[in-house]
Amino acid sequence: MLADDVKLDLVAKLHKQGKSEVGEYYARYAASEQWAFAAGVVDGWAAMLVYDREVSLEMPAYFVALDFDGDRVVSIHDFLFARYAMDGVGLSRLNPAPQSQ
């Protein structure tokens with residue numbers, strides 16, 4: 001689903017660009033047992049809600065905002081290191097329970 005020129009903004013940490021670099025970054029998420037995921041909407045934007053299994057599967061620890069062009073992800077804003085962004089956002093989960101990846 002990643003566009004060839006996809007951009008990753010790991011907010012407050014780093015930037016990556018290109019399907020290969022960004023794909024490697026997200027392969028680490030898939031290998032981790034700490035996180036669970038759910039599709040969601042944050043302030044009207046498509047998002048991946050990220051839950052820390054050691055803390056709560058009810059309230060996301062943070063989110064990853066996604067921008068699409070058709071069926072391709074062109075921009076990713078990952079708030080792993082900027083969890084303050086959760087304060088005051090409107091979020092909703094699209095599926096009933098977070099899914100592990």
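What follows looks at the overall build of the protein chain and then at the surroundings of one residue, Ala65. The model is a predicted one.

Starting with the fold, the protein chain has 7 strands and just 1 helix. Read from the N terminus, the order comes out as β-β-α-β-β-β-β-β. The radius of gyration is 13 Å, close to the 13 Å that the globule rule gives for 101 residues, so the protein chain is as compact as a globular protein of that length. Laid along its principal axes, the C-alpha trace covers about 35 × 30 × 25 Å.

As for how the chain packs, 41% of its 101 residues are buried. Of the contacts with a separation of 6 or more, 46% are between residues 24 or more positions apart. The accessible surface adds up to about 5900 Å², and carbon and sulfur atoms supply 52% of that. On the charge side, there are 15 negative side chains and 9 positive ones. The centres of these two sets sit 4 Å apart.

Now to Ala65, which belongs to strand β5, the stretch spanning residues 62-69. Ala65 counts as buried because its relative accessibility is 14%, and the cut-off for buried is under 20%. Once neighbours within four places in sequence are set aside, Ala65 touches Ala46 and Ala47, along with Ser75, Ile76, His77 and Phe79. Val42 is another residue to look at here: it lies 23 residues away from Ala65 in sequence, yet the C-alpha to C-alpha distance between the two is 7.5 Å.

Terms used:
Residues numbered from 1 in each chain as written. Predicted model: local features only at pLDDT ≥ 70, side-chain atom pairs only at ≥ 80, totals over all residues. Heavy atoms only, no water. Helix = DSSP H or I, 4+ residues; strand = E, 2+ residues; numbered from the N terminus. Buried < 20%, exposed > 50% of the residue type's maximum accessible area, 1.4 Å probe, protein only. Contact = heavy atoms within 4.5 Å. Rg over C-alpha atoms; globule rule 2.2 N^0.38 Å. Areas by Shrake-Rupley, 256 points an atom, 1.4 Å probe, with all protein chains shown as cover. Lys, Arg positive; Asp, Glu negative; His and termini not counted. Charge placed at Lys NZ, Arg CZ, Asp CG, Glu CD.
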